[in-house]
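Me: Please take a close look at the salt bridges in this structure. Which side chains meet, and where do they sit? Keep the steps short, and show me the surroundings too.

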Amino acid sequence: MNKKVYDTIILGAGAAGLYSGIFAAMHNESVLLLEKCKTPGNKLSITGNGHCNFTHDEIHASDYTTDDVDALILSFSAYSFKDTLRDFMDFGIPSECKNHGFYPLSQDAKSVVSVFLNLLDKYKANLQFDENVRGIERTEDGYLIK
């Protein structure tokens, strides 16, 4: 069986998968993103009525349902909406705030997906679409994605 080894494998090329893939690839990790749909970023493409409200200036743990509020609060303190704004600017996506929500100046969610895909390509991440993951198996050397 022909096996390829990656430092990072991400299941799902939605907003979180694309964003995570960019960071892993930027840090010189070999990255594989597997997406079951034929195109990446489907939900991201329609956020904010297609305008892409990608973060808010007021984010509170009480806005979320979780069994571990402390972990959520720790996550917010480790990576805030200001970090997201900085990253988007670094990616070449300037933004503006409307009603506490941040949108790309382009007002086009598909342009954000395009920037994400270009960055993944620039950093040599491998994206595979229309893939159905049937299982993950732990092995001596890591994990086997089926």
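Reply: Here is the overall layout, then the salt bridges, then some other parts of the chain.

Keep in mind that this is a predicted model. The chain has 146 residues, and 32% of them are buried. Four helices and eight strands make up its elements. Starting at the N terminus, their order is β-α-β-β-α-α-β-β-α-β-β-β. The C-alpha trace spans about 55 × 35 × 25 Å along its principal axes. The chain exposes about 9,700 Å². Carbon and sulfur atoms supply 50% of that area.

Now to the salt bridges. Side chains of opposite charge can pair when their charged atoms come close. How many salt bridges does the structure hold? There are four.

Start in helix H3, which covers residues 81–90. Asp 83 lies in this helix. One of the salt bridges joins the side chains of Asp 83 and Arg 86, at 3.0 Å from N to O. The two side chains also make a polar contact of 3.0 Å. How do these residues sit along the helix? Asp 83 and Arg 86 are three residues apart in helix H3, so about one helical turn separates them.

Is Asp 83 buried or exposed? Its relative accessibility is 17%. Buried means under 20%, so Asp 83 counts as buried. Its partner Arg 86 has 42% relative accessibility, so Arg 86 counts as partly exposed. This salt bridge therefore joins a buried residue to a partly exposed one.

Arg 86 has another partner. Its side chain meets the side chain of Asp 87 in a salt bridge, again given as 3.0 Å from N to O. Asp 87 has 4% relative accessibility, so Asp 87 counts as buried.

Next, move along to strand S4, residues 95–98. Here the side chains of Glu 96 and Lys 98 meet in a salt bridge of 3.9 Å, N to O. The cut-off for a salt bridge is 4 Å, so this pair qualifies at 3.9 Å. Glu 96 is partly exposed, at 27% relative accessibility. Lys 98 is partly exposed as well, with a relative accessible area of 39%. Back in the helix region, shared partners link salt bridges into one network: Asp 83, Arg 86 and Asp 87. Arg 86 meets Asp 83, and Arg 86 also meets Asp 87.

What does strand S4 belong to? An open sheet of three strands, in the order S3-S5-S4, with antiparallel pairing. Strand S3 (55–56) and strand S4 are the edge strands, and each pairs on one side only. Strands of a sheet pair through backbone hydrogen bonds, either parallel or antiparallel. Strand S5 covers residues 101–104, and two bridges join it to S3. Those two strands run antiparallel. Which residue of S5 is the bridge partner of Thr 55? It is Phe 102.

Now follow the chain to helix H4, residues 109–122. Val 115 lies in this helix. Setting aside its neighbours within four places in sequence, Val 115 is in contact with Phe 91 and Ile 93. Phe 91 and Val 115 are 24 residues apart along the chain, yet their C-alpha atoms are separated by 7.4 Å. Take the chain's contacts between residues at least 6 apart in sequence: 60% of them join residues at least 24 apart.

Asp 7 gives another acidic side chain to look at. Asp 7 sits in the segment before strand S1 (8–11). Exposed means over 50% relative accessible area, so Asp 7, at 54%, counts as exposed. Beyond its neighbours within four places in sequence, Asp 7 contacts Asn 28, Glu 29 and Ser 30. The side chain of Asp 7 reaches the backbone nitrogen of Ser 30 at 2.8 Å. Asp 7 and Glu 29 are 22 residues apart in sequence, with 5.6 Å between their C-alpha atoms.

End with a nonpolar part of the surface. Ile 9, Leu 11, Ile 136 and Tyr 143 form a patch there, with about 390 Å² of accessible area together. Ile 136 has its place in strand S7, residues 136–139.

Key:
Residues are numbered from 1 along each chain as its sequence is written. This is a predicted model: local features need pLDDT of at least 70, side-chain atom pairs count only at pLDDT 80 or more; totals for chains, interfaces and linings use all residues. Side-chain values use heavy atoms; hydrogens and water are left out. Two strands pair if DSSP finds at least two bridges between them. Buried means under 20% relative accessible area, exposed over 50%, partly exposed in between (1.4 Å probe, protein chains only). Contact means heavy atoms within 4.5 Å. A polar contact is a pair of N or O atoms within 3.5 Å; within protein, one must be able to donate a hydrogen and the other to accept it, and residues adjacent in sequence count only if both atoms are side-chain atoms. Patches are made of residues with over 30% relative accessible area and no salt bridge: like charges are joined within 9 Å, nonpolar side chains (Val, Leu, Ile, Met, Phe, Trp, Tyr) within 5 Å. Accessible areas come from the Shrake-Rupley method with a 1.4 Å probe; for residues, only the protein chains shown count as cover.
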